[in-house]
Amino acid sequence: MLRDGRWVPVAPDPDSFFINVGDSLQVLTNGRFRSVNHRVVAPEAGQQSRLSVIYFGGPAASQRIAPLPELMKEGEQSMYRDFTWGEYIKAAYKTRLGDNRLGPFELHRCSSKAVQPTPPAHVAPVH
């Protein structure tokens, strides 16, 4: 999904393995890399099935996460307070996958936040 809320179709590629790097990288880069909102299109009747596997990985629960100082420009303010992976997981489990899981850790609201529109009928929501 683009920042303006429009969904972009991506053609399947049987020779590819996709990895969506999420919220941790967004925080570490102070928002330079954005977490990805994505949905899976269910195959139509008679089409080849697809396999989607979801796996969440992360550091130890006590590991602190914050924007990396070496990636910050001089005078740039952090968009996120530092937090532990355990705090993030606890907050994430209270949300749906489509929600902004970083909201509780944001220091400054960004005007460029993506709208959370309802996905088209042919798109399977992830919850």
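Buried means under 20% relative accessible area. By that cut-off, 20% of the 127 residues in this chain count as buried. Keep in mind throughout that the model is predicted.

**Whole chain**

Start with everything selected and colour by secondary structure. Two helices and four strands should appear. Trace them from the N terminus: the order is α-β-β-β-α-β. Now switch to a surface view. The accessible surface comes to about 9500 Å². Carbon and sulfur atoms hold 57% of that surface. Turn on contacts between residues at least 6 apart in sequence. Of these, 64% join residues at least 24 apart.

**Confidence**

Recolour by pLDDT. The chain averages 79, and 83% of its residues reach 70 or more. Which element has the highest mean pLDDT, and which the lowest? Select residues 83-84 for the top value: this is strand 3, with a mean of 96. Then select residues 123-124. This is strand 4, at the lowest mean, 47. Widen the selection to residues 110-127, where the pLDDT is below 50. Beyond near neighbours in sequence, this stretch still has 34 contacts in the model. Where pLDDT is low, the predicted coordinates should not be read in detail.

**A nonpolar patch**

Go next to the N-terminal part of the sequence. Select L2, V8, V10 and F18. Together they form a nonpolar patch on the surface. Their accessible area comes to about 400 Å² together. Now pick out F18 alone. F18 sits in the segment before helix 1, which spans residues 23-28. Is F18 buried or exposed? F18 counts as exposed, because its relative accessibility is 58% and the cut-off for exposed is over 50%.

**Aromatic rings**

Show the side chains of Phe, Tyr and Trp. The structure holds four aromatic pairs. Zoom in on F83 and F105, one stacked pair. Their ring centres are 4.0 Å apart, and the planes meet at 25°. Follow the backbone from one ring to the other. F83 belongs to strand 3. F105 lies in the loop between helix 2 (85-92) and strand 4. The two residues are 22 apart in sequence, so the pair links distant parts of the chain.

Bring the surface back around these two rings. F83 is buried, and F105 is buried as well. Finally, add W85 and Y88 to the selection. With F83 and F105, they form one aromatic cluster.

Definitions and conventions
Residues numbered from 1 in each chain as written. Predicted model: local features only at pLDDT ≥ 70, side-chain atom pairs only at ≥ 80, totals over all residues. Heavy atoms only, no water. pLDDT = per-residue confidence, 0-100. Contact = heavy atoms within 4.5 Å. Buried < 20%, exposed > 50% of the residue type's maximum accessible area, 1.4 Å probe, protein only. Areas by Shrake-Rupley, 256 points an atom, 1.4 Å probe, with all protein chains shown as cover. Patch = residues over 30% accessible without salt bridge, like charges linked within 9 Å, V, L, I, M, F, W, Y side chains within 5 Å. Salt bridge = Lys/Arg side-chain N within 4 Å of Asp/Glu carboxyl O. Phe/Tyr/Trp six-rings, centres within 6.5 Å; stacked < 30°, edge-to-face > 60°.
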